[in-house]
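Please read the following briefing alongside the sequence and the coordinates. It begins with charge and then turns to overall build and to one sheet.

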Amino acid sequence: MARLSLRGIKKRFKATEVLHGIDLDIGDREFVVFVGPSGCGKSTLLRLIAGLDPISDGEFTLNEKRMNDVPPSKRGIAMVFQSYALYPHMDVYENMAFGARLMGLDKPEVEARIAEAARMLRLNELLQRKPRELSGGQRQRVAIGRALVRKPEVFLLDEPLSNLDAALRSEVRLEIAKLHRDIGGTTIYVTHDQVEAMTLADKIVVMNLGRIEQVGSPRELFETPANTFVATFIGSPKMALIDVAADGTRAAIAGGGAVTIPLPAGEKSFKLGVRPDALTLTRGAAEGFSASVVYAEYLGDNAYVYARLADGTLVSVRTEPNDLYAPDEAVTLAVDPAQLHYFSAADGQRLTV
């Protein structure tokens with residue numbers, strides 16, 4: 001079992017504070033993904049959990065045992081780095097065996113653990129190769145295998161797919177998901193790719209500027225984002241935010257166009273969040289937001305049209321692949337009230353309707 005608790009975690013580098021009081025609970029066997037833009041503090045938080053950097057303030061406990069001053073090798077945690085960090089002069093077998101030997105395991109146990117990891121990660125035919133003889137995906141599997149043979153309570157993975165091409169990212173992502181199901185344990189995974197977060201996580205921690213913006217399941221974050229940052233970070237294409245003003249029972253935008261929708265009480269102006277599926281393109285006169293087509297993306301099974309509203313906001317609309325729209329074509333965007341999101345114009349927090 002591995003239950004983690006972080007309370008008031010802060011990190012300072014000299015006079016600069018980069019984490020501002022992180023509070024987070026991670027349950028046993030959960031697959032938790034830290035996601036956010038570059039520089040938000042997600043990798044720093046991972047290093048604090050691993051013990052690679054000291055915690056400036058706050059308390060980190062693992063299974064209710066305080067870990068702040070416990071050295072990395074004694075925490076029962078294994079980390080997979082973005083750069084693989086393999087020993088170039090050792091073959092795959094020796095790379096995987098090195099950490100296990102440092103734990104004081106005897107030779108039969110080391111061999112048994114390597115055999116099990118090699119089977120799970122399809123490395124049996126690569127055990128005698130050096131890292132320079134491996135592809136990027138194979139090196140990443142070796143790095144995962146090296147962590148696996150230690151049989152840690154907690155796996156930490158720091159952007160493990162960022163050095164791989166798109167096809168390999170998809171393949172290794174599936175392997176990581178299957179590995180978590182097969183071996184259990186608690187996994188914490190850092191990425192800036194929200195697609196990885198949505199497909200892998202039981203729970204996503206969205207970070208920004210050293211703070212946690214929202215914690216929840218992929219569905220919760222997609223369907224009920226807590227604020228405009230989460231709303232625009234989760235989802236591809238991202239949610240568009242339209243500045244609107246209440247006009248009776250309608251929401252109007254600057255420059256022309258209005259829609260009849262439920263309005264948040266007491267808000268004269270607010271931000272309307274719309275995902276591509278919440279909008280419908282029409283030609284000719286109709287109730288909705290006036291817009292001009294910018295360009296279209298054909299993706300085979302579906303397509304997206306990007307259009308600019310009268311106030312300059314760029315929105316994306318999912319359309320049928322055979323629907324053709326020309327650049328600069330005038331269109332009207334109708335909205336589905338059931339799929340709209342409302343946010344405060346003042347602080348960006350979610351509003352109820």
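The protein carries 42 positive and 45 negative side chains, and the centres of these two sets lie 7 Å apart. The model is a predicted one, and the values given here for the charges, as for everything below, are computed from it.

**Overall build**
- Along the principal axes, the box filled by the C-alpha atoms comes to roughly 80 × 45 × 35 Å.
- The secondary structure of the protein consists of 8 helices and 20 strands.
- Among contacts in the protein with a separation of 6 or more, 65% are made by residues that stand 24 or more positions apart.

**Burial and surface**
- The protein has 353 residues, of which 49% count as buried.
- The area that the protein exposes is about 16600 Å², and carbon and sulfur atoms supply 50% of that area.

**An open sheet of five strands**
- One open sheet holds 5 strands in the order E13-E12-E11-E14-E20, and its pairing is antiparallel.
- Strand E13 (258-260) and strand E20 (341-344) are the edge strands of this sheet, since each of them pairs on one side only.
- Neighbouring strands of the sheet are turned against each other by 40° on average, with direction ignored.
- Within the sheet, strand E11 (residues 240-247) and strand E12 (residues 250-252) pair in the antiparallel sense over 3 bridges.
- Asp247 has Arg250, in E12, as its bridge partner.
- In general, the strands of a sheet pair through backbone hydrogen bonds, in either a parallel or an antiparallel manner.

Methods. Residues are numbered from 1 along each chain as its sequence is written. This is a predicted model: local features need pLDDT of at least 70, side-chain atom pairs count only at pLDDT 80 or more; totals for chains, interfaces and linings use all residues. Side-chain values use heavy atoms; hydrogens and water are left out. Helices (H or I, at least four residues) and strands (E, at least two) are DSSP runs, numbered from the N terminus. Buried means under 20% relative accessible area, exposed over 50%, partly exposed in between (1.4 Å probe, protein chains only). Contact means heavy atoms within 4.5 Å. Accessible areas come from the Shrake-Rupley method with a 1.4 Å probe; for residues, only the protein chains shown count as cover. Lys and Arg count as positive and Asp and Glu as negative; His and the chain ends are not counted. The place of a charge is taken as NZ of Lys, CZ of Arg, CG of Asp or CD of Glu. Two strands pair if DSSP finds at least two bridges between them. Axes are lines fitted to C-alpha atoms, for helices over the stretch in contact, and angles run from 0 to 180 degrees between N-to-C directions.
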